[in-house]
Amino acid sequence: MKKKILCMTLVVFVGMLSGCGTEDKEIQQGDNTTLENKVLENTVPENKETYDSSDGLPPVEPEMKQFYKEAEELFKDIVFLRLDCDDQQSKIEATDDEDVQVLYYKVTDERFPTMENLKEELGKYFTEQFTEELVSELMWNQPRFREYDGELYMIQASRSGNIQYAGHVFEAVESDGDTMKMPVKVYYALNATPYEYFYEYPEDLDAYEVKEYTQIMVKEGGQWKFSQFELFY
């Protein structure tokens with residue numbers, strides 16, 4: 001019997017969000033308390049002008065905004081499998097289905113020749129635990145990344161975003177010195193597919209489903225790092 005080699009394409013539709021092992025279900029708080037993502041009432045807070053996230057970034061000092069932006073770009077590289085690979089150098093792994101196998105391609109991104117390099121770069125922005133979860137997250141019951149003969153390989157798959165994502169607004173950052181929480185309201189169009197994104201409270205609230213997420217940072221080794229990070233699209 002011929003075996004099928006699977007090249008996966010995952011499309012995230014309404015109600016499915018990309019993140020580290022998360023869809024539209026559960027998020028992990030810094031104290032390891034599990035909370036369900038909440039669908040919010042469509043109301044505009046009275047203090048909507050108080051906190052500025054009109055650039056799509058949290059309302060924090062410029063250095064922290066830049067840190068967030070860099071973390072987000074790296075996170076997207078991993079979640080959307082955007083690393084450069086050589087499709088002429090591949091490995092095949094079996095799955096639970098004896099008739100299906102998956103391909104891994106050698107990563108040619110100069111930043112990540114090895115798994116250690118990948119984890120080191122992620123470790124600049126994310127906690128050790130979060131990094132391990134991100135790298136080892138399963139796709140078709142296989143981890144995103146494997147190492148063969150000391151070289152990094154990435155699973156052959158693709159993943160697109162939520163086409164109904166319309167925009168988001170960060171609210172007041174909460175910090176006690178050891179934990180920093182960045183709450184954000186995210187808007188998903190109920191009808192037409194958005195062509196432009198917004199980062200300020202919309203007036204036509206009835207046109208959106210609104211959900212709330214929280215990006216969480218903690219101190220690890222004396223440095224702020226994300227222990228929870230979500231993509232909204």
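What percentage of the 233 residues in the protein do buried residues make up? They make up 47%. The model shown in these views is predicted.

**View 1. Overview of the whole protein, with three helices and 17 strands.** The exposed surface of the protein comes to about 12400 Å². Carbon and sulfur atoms supply 45% of that surface. Contacts with a sequence separation of 6 or more were sorted by distance along the chain. Residues 24 or more positions apart account for 67% of them.

**View 2. The largest nonpolar core, built from 48 residues.** Five members touch the most other members: L118, F126, F145, F226 and F232. Helix α1, residues 62-79, gives the most to this core. Its share is eight residues. Another core lies apart from this one and holds nine residues. Among them are A189, F198, Y201 and Y208.

**View 3. Close-up of F145 and its contacts.** F145 is one of the core members that touch the most others. Neighbours within four places in sequence are left aside here. The remaining partners include the aromatic residues Y104 and Y153. M115 and M154 are also in contact with F145. So are I78, L83, L118, V135 and L152. Of these partners, L118 is likewise among the core members with the most touching members.

**View 4. Strand β7 and the strands paired with it.** Strand β7 spans residues 100-107 and is mostly covered. Eight of its eight residues are buried. Strand β6, residues 85-94, runs antiparallel to β7. Seven bridges join the two. A hairpin of five residues links β6 to β7. D86 stands opposite K106 in β7. Strand β11, residues 151-155, also pairs with β7 in the antiparallel sense. That pairing has three bridges. Here Y104 stands opposite I155 in β11. Y104 is also one of the contacts of F145.

**View 5. T127 in the loop between two helices.** The loop connects α2 (115-122) to α3 (128-136). Is T127 buried or exposed? T127 counts as buried, because its relative accessibility is 8% and the cut-off for buried is under 20%. Residues up to four places away in sequence are not counted among its contacts. T127 then touches V218, E220, K225, F226 and S227. One of these, F226, is a member of the largest nonpolar core.

Conventions:
Residues numbered from 1 in each chain as written. Predicted model: local features only at pLDDT ≥ 70, side-chain atom pairs only at ≥ 80, totals over all residues. Heavy atoms only, no water. Core = buried A, V, L, I, M, F, W, Y, C linked by side-chain atoms within 4.5 Å. Buried < 20%, exposed > 50% of the residue type's maximum accessible area, 1.4 Å probe, protein only. Helix = DSSP H or I, 4+ residues; strand = E, 2+ residues; numbered from the N terminus. Contact = heavy atoms within 4.5 Å. Areas by Shrake-Rupley, 256 points an atom, 1.4 Å probe, with all protein chains shown as cover. Pairing = 2+ DSSP bridges.
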